[in-house]
Amino acid sequence: MAAIDIAHLCRLAQLALDDAETRAVQGDLARIIAMVDQMQAVDTSGIEPLAHPLEGVQRLRPDLVTETVEPARYQSIAPAVEDGLYLVPRVVE
Amino acid sequence: MSTPFVTPRGWEAVIGLEVHVQLATRSKIFSGASTAFGAAPNTQACAVDLGLPGVLPVLNLEAVRMAVKFGLAIGAVIHARSVFDRKNYFYPDLPKGYQISQFQQPVVGAGRLTVGLPDGQEKTVRITRAHLEEDAGKSVHDAFPGLTGIDLNRAGTALLEVVSEPDLRTPAEAAAYFRRMHGLVRYLGICDGNLAEGSMRCDANVSVRPAGTTTLGERTEIKNLNSFRFLERAIEHEIERQVELIESGGTVRRETRLYDPDRNETRAMRSKELSDDYRYFPDPDLMPLVITEAFIDDVRATLPELPEARRARYRDTLGLPDYDAAWLTDDPAVADYFEAVAHASGDAKLAANWVMGELSAALNRAERSIADSPVTPAALGTLIQRIRDETISSKLAKTVFEALWAGAGDVDTIIEARGLRQVSDSGALEALVRQVVADNPGQVAQYRAGKDKVFGFFVGQVMKATQGKANPKQLNDLLREVLGSD
């Protein structure tokens with residue numbers, strides 16, 4: 001089994017874990033991956049990959065504008081709003 | 001004009017493009033919120049677009065229809081079954097923390113697009129795939145000190161991402177491909193093609209290798225190019241940067257870069273350093289998309305005449321040169337305008353000359369699109385008729401055109417009001433010619449001594465006397481007759 005790079009996963013998931021949490025997650029992930037390894041050992045050649053557990057197909061809706069948006073309602077739960085924009089810590093390119 | 005770009009000696013560039021086409025649906029790809037451009041911030045971002053808990057995406061039929069239409073136009077396989085995946089990354093303009101896209105099973109498979117190159121040759125570029133996905137929101141960086149503002153109106157807008165094979169070899173080829181794609185989506189009516197509003201954006205994958213070799217070099221990706229010129233210049237710059245780097249002993253790193261048009265350079269994007277790991281998986285909120293043969297046939301029946309067919313028709317039926325046919329068919333609005341002028345005037349070649357010449361120059365000067373031309377196709381058609389029936393000379397037709405542009409009335413009114421009617425009364429013209437000849441015995445002697453150039457002097461004198469209204473052909477004939485006699 002490949003070593004789990006917890007630091008990399010935390011960066012991808014934007015999580016900050018302390019040492020105790022890291023150790024706990026390390027153990028959980030090791031068990032999860034062991035289970036995945038067990039599933040991957042099953043011979044699935046000739047079986048079409050499953051995209052969805054249900055048998056249905058995607059429903060399509062007509063191209064109509066059906067939503068009226070009240071930004072004030074949505075923005076009442078935002079930490080910071082100005083001039084109609086949600087404000088977040090600066091992201092720079 | 002700047003000097004044309006030349007790939008550094010001994011090197012070859014390999015370029016592939018990903019073009020994001022904003023589909024012209026009224027509502028978003030997975031929600032019923034409006035996609036109209038220019039609304040106040042966040043007034044078109046509904047609960048689904050915001051990724052609030054408990055919402056479910058439902059796919060827009062029109063987006064699927066447009067994707068299929070595009071697929072048919074590039075001769076691609078339409079997959080009977082395709083799957084939507086989650087592409088996971090964190091960025092403030094992506095509220096759900098993932099973008100709904102298609103990864104392993106896109107709706108449109110391999111196709112091709114034929115591109116006209118600057119040297120007049122054509123090249124067929126292979127298209128790998130085209131898939132449906134949702135757009136992200138917009139970040140506003142400059143308005144708030146230390147903060148970034150987020151407008152999610154664009155979040156959830158339907159996009160078709162078209163991925164090409166690395167078949168392009170020069171920046172000019174890449175720009176020609178983007179231009180042809182731009183024309184095609186407007187022919188199909190699936191995108192408004194408004195580059196300034198971001199309706200089409202392009203990412204370029206660029207690598208270099210020693211000329212004559214076949215292995216691919218390490219590539220970089222230049223993001224978010226939204227003009228033909230910027231695309232070309234960004235790739236030019238990136239080719240030069242990579243060659244210089246390798247020649248000075250360095251290696252190209254696989255990375256995402258941004259083009260800065262003000263400085264004409266590309267630089268690495270910091271935020272994308274970790275983004276290679278998108279952890280795609282099928283979106284459990286969406287069932288597989290199934291497209292039936294009947295649906296495909298339905299869409300096929302709505303395909304308009306495509307640019308290639310139109311070019312061939314202009315060449316073969318209207319008898320236009322290749323150059324004119326390609327020029328006029330690039331933009332469907334231009335082609336429609338031209339056809340209306342050709343029909344109204346009864347002369348396709350003259351119509352082509354006027355659309356490509358005077359009209360195009362005037363539109364450029366005024367920075368207007370052909371749809372906003374103050375001169376209607378019918379008016380331009382009448383103007384050309386007046387040239388053909390010799391009511392006015394080609395030269396004075398330009399004066400009439402300017403008056404038409406300025407809104408001075410219809411063609412015949414302008415010609416009469418300004419007295420631009422060509423003098424074709426042979427009696428009046430002959431009298432004038434005889435007068436000019438009699439007034440200039442010196443020049444007559446020179447002409448008769450074999451100095452042919454003096455002929456132009458007489459033409460000029462008569463034109464001056466008639467304020468340019470003499471019928472040029474008639475004038476020439478008369479002059480030769482009078483100068484040759486006695």
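How many bridges join strand β4 (residues 85-88) of chain B to β5(B)? In this predicted model, the answer is four, and the two strands run antiparallel. Within this pairing, R86(B) stands opposite I100(B) of β5(B).

Strand β5 of chain B spans residues 98-101. Y98(B) and I100(B) point one way from this strand. Q99(B) and S101(B) point the other way. All four residues are buried. In a regular strand, side chains alternate between the two faces of the sheet.

Strand β1 of chain B covers residues 11-22. β1(B) is mostly covered, with 11 of its 12 residues buried. β1(B) pairs with strand β11 (residues 200-210) of chain B in the antiparallel sense, over 11 bridges. One bridge there matches G16(B) with N205(B). β1(B) also pairs with strand β10 (residues 158-164) of chain B. That pairing is again antiparallel and holds five bridges. Here E18(B) has V163(B) as its bridge partner in β10(B).

Aromatic contacts were examined next. Over all chains, the whole structure contains 11 aromatic pairs. F103(B) and Y280(B) form a stacked pair, with 3.8 Å from centre to centre and 0 degrees between the planes. The partners come from distant parts of the chain, 177 residues apart. F103(B) sits in the loop between β5 and β6 (111-116) of chain B. Y280(B) lies in the loop between β14 (265-268) and β15 (281-282) of chain B. F103(B) has a relative accessibility of 35%, so this residue counts as partly exposed. Y280(B) is also partly exposed, because its relative accessible area is 26%. Ring pairs link both residues with Y89(B) and Y278(B) into a cluster.

Chain A was described at the level of the whole chain. Three helices and three strands are present in chain A. From the N terminus on, the order of elements is α-α-β-α-β-β. The radius of gyration of chain A is 22 Å, whereas a compact globule of 93 residues would have a value near 12 Å. Along the principal axes, the C-alpha atoms of chain A fill a box of roughly 55 × 45 × 25 Å. Buried residues account for 20% of the 93 residues in chain A. The exposed area of chain A is about 7200 Å², of which carbon and sulfur atoms supply 59%. Chain A carries 7 positive and 15 negative side chains. The centres of these two sets lie 3 Å apart.

Key:
Residues numbered from 1 in each chain as written. Chains lettered and ligands numbered in written order. Predicted model: local features only at pLDDT ≥ 70, side-chain atom pairs only at ≥ 80, totals over all residues. Heavy atoms only, no water. Rg over C-alpha atoms; globule rule 2.2 N^0.38 Å. Buried < 20%, exposed > 50% of the residue type's maximum accessible area, 1.4 Å probe, protein only. Areas by Shrake-Rupley, 256 points an atom, 1.4 Å probe, with all protein chains shown as cover. Lys, Arg positive; Asp, Glu negative; His and termini not counted. Charge placed at Lys NZ, Arg CZ, Asp CG, Glu CD. Pairing = 2+ DSSP bridges. Phe/Tyr/Trp six-rings, centres within 6.5 Å; stacked < 30°, edge-to-face > 60°.
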